[in-house]
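Here are some short exercises to work through with the model open beside you. Try each task before reading its solution.

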Amino acid sequence: MTKAFKKAVAKRKIRTLARGAKKRIYFFGGGKADGNKDMKTLLGGKGAGLAEMTNIGIPVPPGFTITTEVCTAFYAGGRKLPAALGTEIRASVARTEALQGAKLGDPKKPLLLSVRSGARASMPGMMDTILNLGLNDLTVAGLGTGGAAAARFAYDSYRRFVAMYGDVVLGMKPERKEDRDPFEVLLERKKRARGVKGDADLSAGDLKELVAEFKAEIRAKRGVDFPEDPFEQLLGAVTAVFNSWENPRADAYRKLNGIPADWGTAVNVQAMVFGNKGNDSATGVAFTRDPASGKNELYGEFLINAQGEDVVAGIRTPDKISALEKDFPGAYRGLLEVRRKLERHFRDMQDIEFTIEAGKLYVLQCRNGKRTGFAGVRIAVEMVEEKLIGKKEALLRVEPEGLNQLLRPVFEARAKQEATGAGRLLAKGLPAGPGAATGRIVFFADDAEAWAARGETVVLCRHETSPEDIRGMNASVGFLTAFGGMTSHAALVARQMGKVAIVGCEAASFDYPQRVMTLATAAGRRELREGAWVSLDGFTGEVIEGRVETTASEVVRVLVARDLAAKDAPSYQRYASLLGWADEIRRLRVRANADQPDQAAAAVAFGAEGIGLCRTEHMFFGEGKIGPMREMIVAETEEARRQALAKLLPLQREDFAGIFRAMAGRAVTIRTLDPPLHEFLPHDEAGIVALATATGRSVADLKVRIEDLREANPMLGHRGCRLGISYPEITEMQASAIFEAACDVAAAGQKVLPEIMIPLVGTRKELDLQSRLVRETAEQVFAERGRRVDYLVGTMIEVPRAALAAGAIAEAADFFSFGTNDLTQMTFGLSRDDVPRVLADYLARDIFNVDPFVSIDRDGVGELMRMAVSRGRAKKPKLKLGICGEHGGDPASVLLCQELGLDYVSCSPYRLPIARLAAAQAILKSRATA
Ligand code: PEP
Ligand code: MG
């Protein structure tokens, strides 16, 4: 045998040996641990954290972690602990005893243990925990030496332990929700007998009696004795924690959060430390930075003479961490040192649980702290400045959706808490426009305008909104609708205008004549009248009664309102740094969906590199435009239609010129008319009368015409390019307006780049016909104006057939833009507006894991897109590709667009920063997987 061969065999032997006798217990204590932070899979999050903290010299009570693999073996063996595990546990207990100078079961100096679960992913409160393990009738005396207070403390710990053990290990927990915990019942009876109110008023003697009563109850109910042997207690507790991995609560949580059942939980056994040993003890939670604002200072709270549960249960009001400096100066310094070490080491904000026992500090847990969107940005940017992390890491740390908190007004956290705590949360709808709005209720768009004009802040509440409400919507701080999904009219408009909106709030019903909105709440029906205050949380969809204070966004004040200087706006500066780094990295371009010059200006301020969708029908919402638009729709002859179009042409030309100017040479994709006609027709008598006057027709005649235009399925009806095919003069007028505006702006010395987009194309022929019309009109205008401008003609891919026939369509198109709103609607055959009815059930039954109108359905709609990209580019390799459905601003969809090789995403102006960050993350993530 050669030397090398011998070595290889020896190595293999060692590996085989190691595999045969897998390490099942990882010890930590005395400044050294067997595990480390990278072993979450094996040790769970908590176990890995305890090991790592021990290794870097954080004061952690010693103990050991039984691995998740043992959990798997436990279930494989029919819920039995593996043989020999007991011996290994004994050895680890002995090491713990040596470090603590105490012994399990020792009547004089007993070691007490905590036994806790700890899976790979945090599952707060889902599994079981046992504290004070090791107490029995002998050891309780050892714990209680040192006076009356100590004796009381010992019996208090003992009765808690017996109750917890009874519940968790011996099956005393009530099974039906009507039943009460038997130990609670006995405790209450004891207090009544003693004539006292609080648990703390019971004496050591009372508590001792309770222990005996608890044990008798266990014997009576379960026919077993409470185990006095501490080691038997320990094996029972470990078994119970493994069992709790499969309890119904944990099972439901896992399903909800996509945690696989075969991950299993680890068990952490650790020496107990007590925060409730007297006034020199305390317990608390702390964050290494403020999790709400991100400020770089220790943040947290603590309770003197208390146990961890007391902080969480919120029975006593805890003190601010800063007060610790006075009461426990040594421990406070220790905590600052822990903060420094943890941040240097983990390079992220940490959330810790700590206990001070007799003046000495212990850390019991650490993990990456949850934070607000606001804090997320601040912490990431400041950690780069502090050289703790690099820019790429910072970009990956920030949740793109969280940027909303920097871009929108938000509720004062305390004020919202108070409002919901006071029972003012009335209903929930779909959060269609993020931000916080508080204002007085109005039910009609013209009221919104009138009230706003006299200085009132208003929230427009309606069953649904329509294009004629647009000015009222603009005058409101937010809107609430009972109807519609995330791509309904109200939702689209809200996001484009940057308004707060809740849609599909099915609990709301309206009595317009009486001017009342009724909300069906859990506590009964609540009526809100016109003028009453209401607050909308557009992040969560919560509708809150009354006023809730809000704070404006610094970023919007600097970039859009321009009433704040960047140098006075630290949160703007951090936003600008972060997005600057994102722009250096991303490859996807970002464009905006905007159809008004002011929206285009906001889009540029938020980083738009072009306009990806200008919905021309939205341009008719403005002052004086809806009339001619309606005339055009109800026209019955080409002549009448041309007359109405002639009125619209100059209005459109001006709008286009305004947008070209605002975009300063950037590309502007203008879509030809695509109105679901029903949205534009007058709904009320007054509207019909006005239209009759304008057209010189009779009201009766118009009513017949409107009835004629009614469609069974307007979303699948006479809309999109179908209108331009039936009435070419509409496309002609629009193309004239576009090219005239382009020539005018170009004549003034500014670059223009129009891209004309044909909607709802399903066949190449449709595109051919419309494209030819556009190109002929362009030539005509160029000849008239004596100048030419560059332009493109392309199509939306929003009908499934277009994705299938993308090869042929590409031959006639300069670009494709995916209209994923309609593509989703038509792929699922599920109406954009009616989705709220279906959504709740579909989410609850895991048919959808997210609203497909919010995040692209990868397997269906995503596949159609993939097909369209490959078929289109096969015919035209340089075909420009974008997306302009609402998904363009959704981070998961942005990632898909990057994977599909699109050139740009287009979204509403206020989502651009989210798209920019998501596009940078898409690159970083794709590099990581490559
Ligand atoms: C789409 O369908 O995705 C789209 C952008 O068009 P609209 O929302 O106007 O139908
Ligand atoms: Mg569409």
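Two strands count as paired if DSSP finds at least two bridges between them. Keep in mind that this model is predicted.

**Exercise 1.** Find out in which order the eight strands close into a barrel.

*Solution.* Start at E25 and go round: the order is E25-E26-E27-E28-E29-E30-E31-E32, with parallel pairing. From one strand to the next, the twist averages 25 degrees.

**Exercise 2.** Look at E26 and E27: how many bridges join them?

*Solution.* First locate E26 at residues 610–615 and E27 at residues 667–671. Four bridges join these parallel strands. Next, pick out cysteine 614, which stands opposite isoleucine 670 in E27.

**Exercise 3.** Work out which strands helix H25 lies across.

*Solution.* Trace H25 through residues 638–663; the helix lies across E26, E27 and E28 (753–758). Then compare directions: H25 runs at about 155 degrees to E27. Another helix, H30 (residues 764–785), packs on the sheet and touches E28 and E29 (792–797), making about 150 degrees with the direction of E29.

**Exercise 4.** Name the protein donors of the magnesium ion (ligand 2), and decide whether each is buried or exposed.

*Solution.* The donors are Glu798 (OE) and Asp822 (OD), 2.0 to 2.1 Å from the ion. Glu798 sits in the loop between E29 and helix H31 (800–804), and Asp822 in helix H33 (residues 820–828), so the pair ties together parts 24 residues apart in sequence. Now apply the cut-off: buried means under 20% relative accessible area. Glu798, at 1%, is buried, and Asp822, at 3%, is buried too.

Notes
Residues are numbered from 1 along each chain as its sequence is written. Chains are lettered from A and ligands numbered from 1 in the order in which they are written. This is a predicted model: local features need pLDDT of at least 70, side-chain atom pairs count only at pLDDT 80 or more; totals for chains, interfaces and linings use all residues. Side-chain values use heavy atoms; hydrogens and water are left out. Helices (H or I, at least four residues) and strands (E, at least two) are DSSP runs, numbered from the N terminus. Axes are lines fitted to C-alpha atoms, for helices over the stretch in contact, and angles run from 0 to 180 degrees between N-to-C directions. Contact means heavy atoms within 4.5 Å. Donors are N, O and S atoms within 2.8 Å of the metal (3.2 Å for Na, K and Ca); water is not among the atoms, so sites may look incomplete. Buried means under 20% relative accessible area, exposed over 50%, partly exposed in between (1.4 Å probe, protein chains only).
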